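Colleague: I'm new to this one and would like a hand reading it. Could we take it feature by feature?

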Amino acid sequence: MGCCVILFCQAKEVTKIENELKNNWVLLLSASIGVICSSIVLPFYSLGALVVPITQEFGWSRAEFQLALLFSTGAGVLTAPLVGIFLDKVGIRKMALTGLFGLGAALSLASQLNGEIWMLYLVYALMAILGAGTIPVTWTKAVTNVFSKQRGLALGLMLSGTGICAIVIPQITVFITEHYGWRVAYLVLAALPVGVAGPLVFLFFKPTESSDDRYRSDDEVRTGLTFQQAIKGYRFWVLLISIFVVYIAMSGMVPNLIPALIDQGISAQLAATAISVFGVTVILGRLVVGYLVDIAWAPGVAAFAIGLPVIGSLILAGSPPFFTACVAAGLLGFAAGAELDLMSFLAAKYFGLLNYSQIYAVLYAALALASGLAPMLFARIFDKFGSYEIGFTIGALFFAAGALMVLTLGRYPKSFSS
């Protein structure tokens, strides 16, 4: 009799795991489309394709143009904690839809740039402010609330949208810019969150309805550290600083990869292909790391993934030929695929779900600040030395530091379930 009870419980547990993906795949799909058209990735992955044509037309330096990302992510630093608070009060779906339409409006304004540098900075700041509801905390909150046993894999699948964006958006932006001009490119980018993501999110992104209470414990949602408790522990600061240094490296190198390859005589379309390779391995990193963190110690998985772009950065510092540059871009992409969903997974694992929105939002603010500072800093290094070699070498050092830091997180807490 006892054996039958054990077998029944085991069968029920397997069914629970299967049902998490089966019952919520529509939520994951719509959230992934939302990520593709979000304020953190759409402006970021289109920027590199727009650097050369816009700076040539208006006579701006590359550092001046890429400083726009600092205004975008700087505004994101300020709005992210507010998003974390409003998600619990306004609702996940309303925040997502408002952000998508707001981002579309800001991107359309970018098509009206007239050579005034302040207008460029204002428009990119508006992308973060009006598109605030599309930042990852919105989508990851829905997934972490719904998924338990396969949370890492679910986050990996959902956040693969960033990789898809890296594959598709540079190619589209380069093609439209070369054939119709950069102003039309901005209008096409504006249409994506409004005309593609908006309807799908409206129809299918319903996290409160997708959450299957039959397979989740109420205690899991209610337990964890408060925000005040989390920031008093060393793990919060280790995670925050490691995120910051890794994204300084990643965000400094990726937007400058297309200009760096063009400077070597590689065509703009081929340079965009290198970013597409980056995007493919972002997806690979998402799925592989998402699977591994469900069955292995997540900081160890993180250290391995974040350590790979040390090699890629050093390769790029040597001005490699196109094929080798694609290999290096692939190593960068695997780490980029790992970091964002690792941040979500580790935040839930080490701090619980009680104040997940606020904790994740502050961690995201560190990411946003790094993403805004880095492109301008790396471009300024180029303006001063006429080469990206020093910047790429600095990137290798920062990746190494981030990989070592996550190893200090230690064992998972046992005081709450997540």
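Modeller: Sure. Let's begin with empty space inside: a cavity is a set of grid points where a 1.4 Å probe fits but cannot get out. Keep in mind that this is a predicted model.

Colleague: OK, how many cavities of 30 Å³ or more does a search of the whole structure find?

Modeller: Four of them turn up. The largest cavity holds about 310 Å³ of space.

Colleague: Which residues lie nearest the centre of that largest cavity?

Modeller: Look for Ile-40, Val-41, Phe-44, Leu-367 and Ser-371, which lie nearest its centre among 27 lining residues. Sorted by class, the lining has 18 nonpolar, eight polar and one charged residues.

Colleague: And which helix gives the most to the lining of the largest cavity?

Modeller: That's α4, with five residues. Several helices supply at least two lining residues each, including α2 (42-58), α4 (68-90), α14 (234-263) and α18 (356-385).

Colleague: Let's go to the surface. Which residues form the nonpolar patch there?

Modeller: For a patch like this, nonpolar side chains are joined within 5 Å, and each residue needs over 30% relative accessible area. Here the members are Ile-164, Val-168, Ile-172, Phe-175, Tyr-180, Val-184 and Val-188, with about 550 Å² of accessible area together. Helices α9 (161-180) and α10 (182-204) each supply at least two of these residues, and α9 gives the most, with five.

Colleague: Take Phe-175 from that patch: why does it count as partly exposed?

Modeller: Partly exposed covers the range between buried, under 20% relative accessible area, and exposed, over 50%. Phe-175 counts as partly exposed because its relative accessibility is 42%. You'll find Phe-175 in helix α9.

Colleague: So how does a helix look when it's mostly covered? How many residues of α7 are buried?

Modeller: In α7, residues 136-146, 10 of the 11 residues are buried. Among them are Pro-136, Trp-139, Lys-141 and Val-146.

Colleague: One last feature, the backbone. What is the phi of Ser-319?

Modeller: As a general idea, most residues other than glycine have a negative phi. Ser-319 has a positive phi of about 50°, although it is not a glycine. To locate Ser-319, go to the loop between α16 (298-317) and α17.

Colleague: Is Ser-319 buried, partly exposed or exposed?

Modeller: Ser-319 is partly exposed, because its relative accessible area is 48%, and exposed would need over 50%.

Notes
Residues numbered from 1 in each chain as written. Predicted model: local features only at pLDDT ≥ 70, side-chain atom pairs only at ≥ 80, totals over all residues. Heavy atoms only, no water. Patch = residues over 30% accessible without salt bridge, like charges linked within 9 Å, V, L, I, M, F, W, Y side chains within 5 Å. Areas by Shrake-Rupley, 256 points an atom, 1.4 Å probe, with all protein chains shown as cover. Salt bridge = Lys/Arg side-chain N within 4 Å of Asp/Glu carboxyl O. Helix = DSSP H or I, 4+ residues; strand = E, 2+ residues; numbered from the N terminus. Buried < 20%, exposed > 50% of the residue type's maximum accessible area, 1.4 Å probe, protein only. 1 Å grid on protein atoms, 1.4 Å probe; cavity = no way out; pocket = protein on both sides within 12 Å on 5 of 7 lines; lining within 4 Å. Points joined across faces, edges and corners; volume = space filled by probe spheres on them. Nonpolar A, V, L, I, M, F, W, Y, C, P; charged D, E, K, R; others polar.
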